[in-house]
Amino acid sequence: MNLFKFKNIFLLCFLLTFFSCSNEIQKNSINLSFPQNIVQIDGFHSFFIDKSKIIIKNNIISDDCDSWKVKYDFESLFIKSYNDLIERMFEKHDLKSFKLSDDDPQKNSYASYIEFSENQAILDFITERNTGKFNIKLTSIINVKSNDMVIENSVMSEQNWEKNIYLNCDLQKGSKKVIEKAFKNLIEQAHQNIYKSIKKITR
């Protein structure tokens with residue numbers, strides 16, 4: 001085998017390994033959990049998830065614990081969380097691709113109009129002495145509207161994770177656990193607030 005062929009084979013192996021690792025990093029998955037006893041709400045309801053107001057703040061400033069591996073698609077997680085929650089709560093619903101204005105006559109066709117906005121995920125990771133410290137904070141605004149009434153709900157979920165950086169510290173695994181807990185708590189709050197708001201606004 002000549003040197004030229006050897007270089008080509010080496011380059012091909014390197015590229016395959018590189019893209020394989022890159023794909024693996026991009027596949028950080030989160031398992032979403034929903035309340036066991038979800039309230040079933042009657043009537044025809046509409047909802048809208050404002051994708052333009054999904055904000056991600058990544059404040060990972062330490063390179064310890066292989067923090068470069070931490071890659072999550074929070075936009076998709078917010079959308080799937082609320083999409084799936086609505087699917088479970090409402091038998092009849094209409095997902096809007098645009099925000100309904102206050103004077104839009106379409107609103108009269110629905111028992112309520114639910115709008116998810118100001119969705120935000122803030123990730124922090126620092127090293128203090130020998131300890132890697134990770135924090136995830138999720139927030140959303142959920143407006144429930146009906147009959148010229150509006151109830152605004154603020155939901156927030158926060159979780160922490162710490163590990164000695166010299167004892168098999170793996171931020172990818174640690175962050176996955178607390179992010180799953182954070183979304184579980186956020187979804188539970190959303191479920192409770194939506195139910196209470198609709199019960200109050202449509203009675």
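Biologist: In which helix is Lys177 found?

Modeller: In this predicted model, Lys177 has a relative accessibility of 57%, and because residues over 50% are called exposed, Lys177 counts as exposed. The element in which Lys177 is found is helix 3.

Biologist: Which residues form the positive surface patch, and which element gives the most to it?

Modeller: The positive patch on the surface is formed by Lys163, Lys173, Lys177 and Lys181. Three residues of the patch come from one element, which spans residues 171-201 and gives the most to the patch, and that element is helix 3.

Biologist: How many helices and strands are there in the protein, and in what order do the elements run?

Modeller: The protein has three helices and six strands. Reading from the N terminus on, the order of these elements is α-β-β-α-β-β-β-β-α.

Biologist: What share of the residues in the protein is buried?

Modeller: The accessible surface of the protein comes to about 12400 Å², and carbon and sulfur atoms account for 49% of that surface. As for the residues, of which the protein has 203, the buried share is 43%.

Biologist: What percentage of the contacts with a separation of 6 or more joins residues 24 or more positions apart?

Modeller: One pair that is distant along the chain is Ile86 and His191, which are 105 residues apart in sequence, while their C-alpha atoms are separated by 8.8 Å. For the protein as a whole, counting contacts with a separation of 6 or more, the part that belongs to residues 24 or more positions apart is 75%.

Biologist: Is Ile86 buried or exposed, and which residues is it in contact with once neighbours within four places in sequence are left aside?

Modeller: Ile86 lies in helix 2, and its relative accessible area is 0%, so Ile86 is buried. Leaving aside the neighbours within four places in sequence, the residues in contact with Ile86 are Phe47, His93, Ile114 and Phe116.

Biologist: In which strand does Ser46 lie, and what is its relative accessible area?

Modeller: Ser46 lies in strand 1, which covers residues 41-49. Apart from neighbours within four places in sequence, Ser46 is in contact with several residues, including Asp94, Lys96, Leu100 and Tyr110. Ser46 is described as buried, because its relative accessible area is 0%.

Biologist: With which residue does Lys96 form a salt bridge?

Modeller: Side chains of opposite charge can pair when their charged atoms come close. Lys96 is buried, because its relative accessible area is 10%. In its salt bridge, the closest N and O atoms are 3.1 Å apart, and the partner of Lys96 is Asp94.

Biologist: How far apart are the closest N and O atoms in the salt bridge between Asp84 and Lys80?

Modeller: Asp84 and Lys80 both lie in helix 2, which covers residues 74-89, and they are four residues apart, about one turn of the helix. Asp84 counts as buried because its relative accessibility is 17%, whereas Lys80 counts as partly exposed because its relative accessibility is 46%. In the salt bridge that Asp84 forms with Lys80, the distance between the closest N and O atoms is 2.9 Å.

Biologist: How many salt bridges does a search of the whole structure find?

Modeller: Among them is the salt bridge in which the side chains of Lys133 and Glu128 meet, at 2.7 Å from N to O. Lys133 is partly exposed, with a relative accessible area of 27%, and Glu128 is also partly exposed, with a relative accessible area of 39%. When the whole structure is searched, the number of salt bridges found is seven.

Biologist: What is the phi of Glu118, and in which strand is Glu118 found?

Modeller: Glu118 is not a glycine, although it has a positive phi of about 50 degrees. With a relative accessible area of 36%, Glu118 is partly exposed. The element in which Glu118 is found covers residues 112-128 and is strand 4.

Biologist: Where is Asn147 found, and is it buried or exposed?

Modeller: Asn147 has a positive phi of about 50 degrees, although it is not a glycine. Asn147 is found in the loop between strand 5 (131-146) and strand 6 (149-164). Because its relative accessible area is 62%, Asn147 is exposed.

Key:
Residues are numbered from 1 along each chain as its sequence is written. This is a predicted model: local features need pLDDT of at least 70, side-chain atom pairs count only at pLDDT 80 or more; totals for chains, interfaces and linings use all residues. Side-chain values use heavy atoms; hydrogens and water are left out. Helices (H or I, at least four residues) and strands (E, at least two) are DSSP runs, numbered from the N terminus. Buried means under 20% relative accessible area, exposed over 50%, partly exposed in between (1.4 Å probe, protein chains only). Contact means heavy atoms within 4.5 Å. Patches are made of residues with over 30% relative accessible area and no salt bridge: like charges are joined within 9 Å, nonpolar side chains (Val, Leu, Ile, Met, Phe, Trp, Tyr) within 5 Å. Accessible areas come from the Shrake-Rupley method with a 1.4 Å probe; for residues, only the protein chains shown count as cover. A salt bridge is a side-chain nitrogen of Lys or Arg within 4 Å of a carboxyl oxygen of Asp or Glu. Lys and Arg count as positive and Asp and Glu as negative; His and the chain ends are not counted. The place of a charge is taken as NZ of Lys, CZ of Arg, CG of Asp or CD of Glu.
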